[in-house]
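This report introduces the structure shown below to a reader who has not met it before. It begins with one aromatic residue and moves on from there to other parts of the chain.

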Amino acid sequence: MSDATGRGLPRAYVRALDANGKTTAETLTQADGSFTIDATGPGCRLEASLSGFAVTTLPCTAGADFKLPLAPLRGAFVGRANRGGTPT
């Protein structure tokens, strides 16, 4: 599991889902982004998530190579600075 630059993502949550979307196994990635999970069966898929990154889903395959993109920004800050430099 890595980010767009190829850097490993530690403590990302990975779960195996069956064809009905039920979680069948779950784990966290290691410090280097690696993980091991028992995931098999027809329609099986792996879902990975980590705060600040978009949730990504792949089919269950040995050596699944997750590249998590950054999550889109939500909302916006609108403000203005007064003479003291503090936003109001």
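## A buried aromatic ring and its partner

In this predicted model, Phe66 has a relative accessible area of 1%, and because buried means under 20%, Phe66 counts as buried. When the whole structure is searched for aromatic pairs, one is found. The pair consists of Phe35 and Phe66, whose ring centres lie 6.2 Å apart and whose planes stand at 50 degrees, so the pair is described as tilted. These two rings bring together distant parts of the chain, since Phe35 belongs to the loop between β2 and β3 whereas Phe66 belongs to the segment after β4 (56-59), with 31 residues separating them.

## The disulfide

The structure also holds one disulfide, which joins Cys44 to Cys60 with an S to S distance of 1.9 Å. The torsion about this S-S bond is about -50 degrees, so the disulfide of Cys44 and Cys60 is left-handed. It too links distant parts of the chain, with Cys44 in the loop between β2 and β3 and Cys60 in the segment after β4, 16 residues apart.

The two cysteines are not equally accessible: Cys44, at 9% relative accessibility, counts as buried, while Cys60, at 21%, counts as partly exposed.

## Thr29 and its surroundings

Thr29 is placed in the loop between β2 (23-28) and β3 (45-49), and with a relative accessible area of 5% Thr29 is buried. Leaving aside residues up to four places away in sequence, Thr29 touches Met1, Leu9, Pro10, Arg11, Ala12, Val14, Ser34 and Phe35, and the last of these is also a member of the aromatic pair.

Two backbone nitrogens approach the side chain of Thr29: that of Arg11 lies 3.0 Å from one of its polar atoms, and that of Ala12 lies 2.9 Å from a polar atom of the side chain. Arg11 itself is found in the segment before β1, where, at 60% relative accessibility, Arg11 counts as exposed. The phi of Arg11 is near 60 degrees, which is a positive value in a residue other than glycine.

## The hairpin of β1 and β2

Strand β1, covering residues 13-17, pairs with β2 in the antiparallel sense, and the pairing runs over five bridges. Within this arrangement Arg15 has Glu26 of β2 as its bridge partner. Five residues lie between the two strands of the hairpin, and in this hairpin Gly21 takes a positive phi near 90 degrees.

Methods. Residues are numbered from 1 along each chain as its sequence is written. This is a predicted model: local features need pLDDT of at least 70, side-chain atom pairs count only at pLDDT 80 or more; totals for chains, interfaces and linings use all residues. Side-chain values use heavy atoms; hydrogens and water are left out. Helices (H or I, at least four residues) and strands (E, at least two) are DSSP runs, numbered from the N terminus. Buried means under 20% relative accessible area, exposed over 50%, partly exposed in between (1.4 Å probe, protein chains only). A polar contact is a pair of N or O atoms within 3.5 Å; within protein, one must be able to donate a hydrogen and the other to accept it, and residues adjacent in sequence count only if both atoms are side-chain atoms. Contact means heavy atoms within 4.5 Å. Two strands pair if DSSP finds at least two bridges between them. Rings of Phe, Tyr and Trp (its six-membered ring) pair if their centres lie within 6.5 Å; planes under 30 degrees apart count as stacked, over 60 as edge-to-face and the rest as tilted. A disulfide is a pair of cysteine sulfur atoms within 2.5 Å.
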